[in-house]
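Grab a coffee and open the viewer. Here are some exercises to work through, each followed by a solution you can check as you go.

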Amino acid sequence: MIIRGGNLSIKGEVRVPGDKSISHRAIMIGSIAEGKTIIHNFLMGEDCLSTVDCFRKLGVNIFISDEDVIVEGVGLYGLKESKDILYVGNSGTTIRLISGILAGQNFSSTITGDESIQKRPMDRIINPLKMMGANISGLLNKFPPLRIKPTKKLIGVEYRQPIPSAQVKSCILLAGLYADSDTKILQPSMSRDHTERMLKYFGANIVTKDNEVYLKPGNKLIGKEIYIPGDISSAAFLIVGTLILKGSKLLIRDVGLNETRTGILDVLIRMGGRIKILNERNLNNEPVGDILVEYSELKGIDIKGNMIPRLIDEIPIIAVAATQARGTTVIKNAEELKVKESNRIKAIVNELKKMGADIEELDDGMIINGPSKLRPSNLKTYNDHRIAMSLIIAALSADGDSNLQEIESIKISFPNFFDILKSIIQRI
Ligand SMILES: O=C(O)C1=C[C@@H](OP(=O)(O)O)[C@@H](O)[C@H](O)C1
Ligand SMILES: C=C(OP(=O)(O)O)C(=O)O
């Protein structure tokens with residue numbers, strides 16, 4: 001696809017599609033709750049549709065109409081064995097969270113996904129699930145396909161997470177619902193807490209204190225009505241586009257502002273970004289608000305430590321912002337980026353370098369010196385949605401035509417990305 005950059009600004013008011021993490025959890029927790037769950041503003045991205053497909057295969061009725069989804073929950077013990085292998089497509093969240101639920105069932109399951117999923121590490125869930133008594137194995141004990149068989153009983157676990165992963169935490173908590181004793185998770189630093197919030201909203205006995213989560217199994221989960229806020233990870237591309245394209249100003253309405261996800265806003269504000277939060281409120285146990293952003297002169301900063309899990313998926317687009325910032329941006333402690341849909345450190349460094357950015361790869365991050373005038377280039381997306389959208393924003397700021405290969409992955413998390421962009425981009 002050709003992206004024509006140069007002399008552009010972003011103007012207007014938009015909503016981004018529903019949050020991907022919360023959409024997955026609404027299907028999963030709705031499926032094992034009793035009664036109906038009605039989900040508004042569900043993300044119709046391919047990853048969340050993979051979750052829908054898996055739970056349908058497990059015998060759950062899920063009805064999709066426009067943006068609403070109705071899940072007829074079957075209760076904790078109402079899932080049925082799937083005749084087919086469960087296929088999660090490109091979705092790490094699906095395979096890791098569903099494994100926690102399947103570990104507690106009295107039937108066997110096999111789960112796999114696309115080429116990228118087959119290379120992503122699953123020992124991080126296999127090990128704690130085994131500590132809980134689960135009968136789970138993977139290829140070389142690490143990779144999909146995962147095979148989960150019934151176990152006599154699951155026991156609660158006290159698990160100290162070696163890395164701050166929300167997918168691993170959620171997997172253990174979902175398995176913990178089926179255990180016959182309490183589960184406690186100690187996180188090295190706080191990762192996104194949507195599972196904890198939603199389980200509580202559905203009636204689970206779950207408490208978070210500092211970086212620790214306690215779950216007492218035994219409560220029934222009861223179906224609910226859920227309004228899913230806009231995905232801050234999708235909003236991030238529009239926010240950075242607005243910050244770096246001269247004369248831009250954008251209002252993004254109804255975005256999820258959960259503190260475990262707003263690292264991107266904290267960092268961009270520290271870089272000098274003019275960003276305001278308006279109309280803050282609560283939607284089914286999740287904070288939501290509007291984000292007003294304007295073109296800004298950015299400066300380089302250091303991004304590391306506990307901040308990383310709060311913006312892990314936004315690092316590629318932060319790298320794009322950093323190429324336009326005065327001074328040096330150093331991103332460290334982000335080695336997790338190497339085991340996402342692609343090696344996102346290598347991917348974004350290679351492609352931004354082609355565009356003329358002064359950027360250096362580190363083992364756990366990158367160093368970017370700015371500002372650089374980016375030039376149009378022939379760019380690869382590594383079949384990774386976040387790399388594709390980050391490069392499109394970079395290409396919009398370059399004078400001339402860039403050519404991007406393999407952009408279909410954008411449908412994973414932001415299916416109407418181009419429609420939204422077209423509605424707010426102005427040629428000047
Ligand atoms: O729990 C979730 O919904 C997610 C957690 C993060 O992964 P990790 O838990 O592997 O850090 C994130 O990168 C992913 O996009 C979604
Ligand atoms: C890493 C991501 O998702 P997942 O782990 O669910 O594939 C992402 O959306 O950036």
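## Exercise 1: strand partners

Ile303 stands opposite Ile331 in strand 19. This is a predicted model, so treat everything below as a reading of computed coordinates.

**Task.** Work out in which sense strand 18 and strand 19 pair, and how the chain gets from strand 18 to strand 19.

**Solution.**
- Step 1: Find strand 18 at residues 302-303 and strand 19 at residues 327-331.
- Step 2: Look at the pairing, which is parallel and rests on two bridges.
- Step 3: Follow the chain out of strand 18, through helix 9 (residues 315-323), and into strand 19. This β-α-β crossover is right-handed.

**Task.** Now find out how many bridges join strand 19 to strand 21, and in which sense the two run.

**Solution.**
- Step 1: Locate strand 21 at residues 365-370.
- Step 2: Count the bridges to strand 19: there are five, and the two strands run antiparallel.
- Step 3: Pick out one facing pair, Gly327 and Gly370 of strand 21.

## Exercise 2: two ligand shells

**Task.** Say which residues surround ligand 2, what classes they fall into, and where ligand 2 lies relative to the domains.

**Solution.**
- Step 1: List the shell: Asp47, Ser91, Gly92, Thr93, Asp313, Lys340, Glu341, Arg386 and Ser413.
- Step 2: Sort these residues by class, which gives five charged, four polar and no nonpolar.
- Step 3: Check the domains. Domain 1 (2-17 + 229-427) and domain 2 (20-221) both contribute to the shell, so ligand 2 lies between them.

**Task.** Do the same for ligand 1, and name the element that gives the largest share of its shell.

**Solution.**
- Step 1: The shell holds Ser21, Thr93, Ser165, Ala166, Gln167, Ser170, Ser191, Arg192, Ile312, Asp313 and Glu336.
- Step 2: By class, that's six polar, three charged and two nonpolar residues.
- Step 3: Helix 5 (residues 166-176) supplies the largest share, with three residues.
- Step 4: Ligand 1 also lies between domain 1 and domain 2, because both give residues to its shell.

## Exercise 3: Asp313

**Task.** Where is Asp313 found, and is it buried or exposed?

**Solution.**
- Step 1: Place Asp313 in the loop between strand 18 and helix 9.
- Step 2: Count its surroundings: 24 other C-beta atoms lie within 10 Å. The cut-off for buried is 20 or more, so Asp313 is buried.
- Step 3: Put it in context. Asp313 belongs to the shell of ligand 2 and to that of ligand 1, and an unreviewed UniProt entry places the feature "active site" there.

## Exercise 4: backbone oddities

**Task.** Which residues are joined by cis peptide bonds, and where do the prolines sit?

**Solution.**
- Step 1: Recall that most peptide bonds are trans.
- Step 2: Pro144 and Pro145 are joined by a cis bond with omega about 0°, and Pro145 is in strand 9 (residues 143-149).
- Step 3: Gly370 and Pro371 are also joined by a cis bond, with omega about -5°. Pro371 is in the loop between strand 21 and strand 22 (378-380).

**Task.** Asn41 and Asn141 both have a positive phi. Which is buried and which is exposed?

**Solution.**
- Step 1: Phi is near 60° in Asn41 and near 60° in Asn141.
- Step 2: Asn41 lies in the loop between strand 3 (34-40) and helix 2 (46-57), and with 22 C-beta neighbours inside 10 Å it counts as buried.
- Step 3: Asn141 lies in the loop between strand 8 (135-139) and strand 9. Asn141 has 12 such neighbours inside 10 Å, so it counts as exposed.

Note on methods:
Residues numbered from 1 in each chain as written. Chains lettered and ligands numbered in written order. Predicted model: local features only at pLDDT ≥ 70, side-chain atom pairs only at ≥ 80, totals over all residues. Pairing = 2+ DSSP bridges. Helix = DSSP H or I, 4+ residues; strand = E, 2+ residues; numbered from the N terminus. Right-handed = clockwise from strand over helix to strand, strands pointing away. Near = placed C-beta within 6 Å. Nonpolar A, V, L, I, M, F, W, Y, C, P; charged D, E, K, R; others polar. Domains from an automatic or database assignment. UniProt positions renumbered as here; feature names shortened; annotations may be inferred.
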